[in-house]
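Good morning, and thank you for coming. I would ask everyone to look at the structure on the screen while I go through its salt bridges and one of its interfaces.

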Amino acid sequence: MTLFDGPIGPDTYAAIRYGYGFPARGAATAPGEMIAGLHGPDRMRMAFPKAGLPEAAAMGAAYIAARRDIKKEIPDADARLKALWQQIRQAQYTGLLADFARIADTRTPFRERLVHFWGNHFATRTKGRQSHACGPAFLDEAIRPYLAGRFADLLKAAVTHPVMLAFLDQTSSVGPNSKANGDGRRGLNENLAREVLELHTLGVGAGYSQRDVTEFAELLTGLTFDLKRDTGMVFKSKLAEPGAETVLGVRYGGKGKAKLSDVYAVLDDLSVHPATAAHVSRKIAAHFTSDTPDPSLTSAMAATWRDTGGDLTAVYTAMLNHPAAWAGFGAKVKLPREMLASAMRGLGLSGDDIMRTKAGRGRDWLMRPLVAMGHSYLGPPDPSGFPDEATAWVQPYGLAQRITWAMTTVQMVKTKGLAPDRFARDTLGDAASERLLWAVTRAETREEGLGLVLASAEFNRR
Amino acid sequence: MTPVSRRGVLKGGLGVACSAAAHPLMSTMTMAATPGDARLVVIVLRGAMDGLDLLAPVGDPAYAALRPTLGPRAAETGLPLGGGFVLHRAMAPLMPLWQAGELGFAHAVSTPYRDKRSHFDGQDLLEAGTGMDVELAAQRDGWLNRLLQAIPGTEARTAFAVGRQEMRILRGDAPVYQWAPEADIEITPQAQLLLERIYEPDPLFSAAGGSALELAAQLGHATLPPLPDGSRREPLAAFAAERMNEEARIVSYSLNGWDTHRNQKGALTSALDVLQRSILSLKDGLGANWSKTMVMAMTEFGRTARENGSGGTDHGTGGALVMAGGALKGGRILGRWPGLDEADLYDRRDLMPTADVRAYAAWAMRGLHGIDRATLERAIFPTLDMGDDPGLLA
């Protein structure tokens, strides 16, 4: 017995493997048009805006000030702190809803999928109440504008964004021999340097040494961000380790004052390194096609990467033009947020409907279930991001949460007489098997039949 | 019909629908290569357990002065274990195990974590099983997962992370199952039958969904029968024992409540009460399988040698390891006692660790699972020196 009845057509691949499922809402199904959809104005970002970093940082700075004022026993400080925390939570919550709303309304779902793929590749998490409002800005400022250009530009934007600098402790890294470390009490923090090499670019198996990590970390000194004062990343040469640094055999900097351009130069070189091409190409292919992607697919993508100097549009095109991109349907399991988003899209919720979700309901319906499913909106526990393999998600506790979410969601959302078999066909296209259609029409109630569609293996795979 | 708790329909005779036979993977599993009979339970005591109150060194001349209120109580009510140590009164129900050699301790142990005394970093390091040479943020997987990868014939349900809390100790490339005994699935019996049909051709969903429905149907902790001594059965342990009577061999869960900065007298008594009930619940639930079981309860670090001004203790370094099980050669306190004179303390404030807690875990795995020393010292606990064999197993 197989999960799917017959051959799966390209429309279904395009919608489910490379998007957030049916209804397609006018989304393209041909590779050329899917690629074209990555360029041009970011309509979804404009339609459902989030707080940008300057605004979010100002909330954080005010929050820190209020906390300080409480210590000084300034009368209204308590009330201010409380109001600011509300504001910060609201900014965070708006970010969560906006991500779902953009997916619900988009005509370029492949673009939204890539936003979240890269958001997990450059995984971040904010630490401390004062910085939580900044979290949503990362995807909008560091990922969305760069996902169809050169990887070098995406890498530079992501690695130097204040949310990343804070998450990977770059904000506390100081050149041991820098002016700022005159008293010798501060020092180097290698966290960001190590993760850029291990996770963002070369990959853990690549031949770099501890010396490369240390010298790269020295080169990164100067990059910093202070929530209390700054509205974006700043480069302070007085924090930077003086002198040239050698990373993977190439010398950077050394003449005159340390400069941001030296940091950009090493990131440019890392972005086109053959190990980066291989590591990141495989990761993209694994995310979209299979936990064990076809080697000829990944090598075609890596070759394109090398030939084009890391032109991401060309790399995506190489993937979509490869036969393996359109074979083996259903090999991947949707991550929990993808499952929720595709259910909302399938149930016909509009972006505006989603934005109207009241905070209390949003907590019960979205935030808590995502935490229970292991896919918290706040971000992953560590810089390697959320896992991508099916076995990490399809285990008893996680699947129980999906089933329960499916069964409760169809009770909450207005489904106006929608028949379960029709819903299965509308959301799954030719991925809806006769067995699934048979089963969902035998549910005791219409809602339960709809819930079974959402809980099915067919709906949870792509 | 609105969805009802799966548990609510358990008595309705629908158990057949989720019997083992309904899930093809379950029958193939039992025929495949098996990971052996030994059971290993690792309990993570989150919050830093005070080893100096659990195993109070009342025979150490410096102890009384360091612990002006906690010390006299320990001396008065503690249970003598010999060698100048007394066991905290709350652990009294475990004394029969001590006498039977099924309870033991290692004193003055720690992970390689030093100086910053952060719970989160300390727990991350404990679960990663690495040394301080690896940056905390770079530690991706847990040592129990690496153990699984070294044991032949394991599959996802060989290892269970129990409870809602993430167990990083089990995270990694080897698939593992997670379940919380209080978890439930909102689904009607008819929908459940249909869902099983829907999942049937998909081995991954069929196995995980089948297990989920089956586990959700089991008794919740509200209805657990009491332990033989009449005390409350600890639900995580009760669930762990059930799984280990089936296919699970490695289980890990957390017990919280050890961060006793204030009023340690009451707080530690409550936490230890849960721990002792957890151990007794494992023993009772495992029945004959208890003889093949090793339980290790470990914490991220110990607490200050000196009592603080609120009748509590603060974050320290050296602590204690609790071991239990029929596979243990117990009735002993292992380790080298460093003394409590100010010059003997770590940083002049904490119990000096004289052994790496990972070495005890490594020797347990050496004995239980036959893992070779090179794998233990390089792959499972990178850079660990296991030292001499303490002869942990019976």
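Let me begin with B:Glu377, which is buried at a relative accessible area of 19%; buried here means under 20% relative accessible area, exposed means over 50%, and partly exposed lies in between, with a 1.4 Å probe and protein chains only. Its partner B:Arg373 is partly exposed, at 33%. The two side chains meet in a salt bridge, 3.1 Å from N to O, where a salt bridge is a side-chain nitrogen of Lys or Arg within 4 Å of a carboxyl oxygen of Asp or Glu. Both residues belong to helix H13 (residues 373–380) of chain B and stand 4 residues apart, about one helical turn. Helices are DSSP runs of H or I with at least four residues, strands are runs of E with at least two, and both are numbered from the N terminus.

A word on the basis of these values. This is a predicted model, in which local features need pLDDT of at least 70 and side-chain atom pairs count only at pLDDT 80 or more, while totals for chains, interfaces and linings use all residues. Residues are numbered from 1 along each chain as its sequence is written, chains are lettered from A and ligands numbered from 1 in the order in which they are written, and side-chain values use heavy atoms, without hydrogens and water.

In chain A, A:Arg368 pairs with A:Asp364 in a salt bridge of 2.6 Å between the closest N and O atoms. These two residues also lie 4 residues apart, in helix H18 (residues 359–372) of chain A. A:Arg368 is exposed at 51%, whereas A:Asp364 is partly exposed at 49%.

Which parts of chain B does the pair of B:Asp37 and B:Lys292 tie together? B:Asp37 lies in the loop between helix H1 (24–31) and strand E1 (39–46), and B:Lys292 in the loop between helix H11 (264–286) and strand E9 (293–299), so the salt bridge links parts that are 255 residues apart in sequence. The closest N and O atoms of this pair are 3.9 Å apart.

Over all chains, the structure holds 54 salt bridges.

Finally, I turn to the interface. Contact, meaning heavy atoms within 4.5 Å, takes 44 residues from chain A and 40 residues from chain B. Across this interface there are 3 salt bridges. B:Arg171 forms a salt bridge with A:Asp382, at 2.7 Å between the closest N and O atoms.
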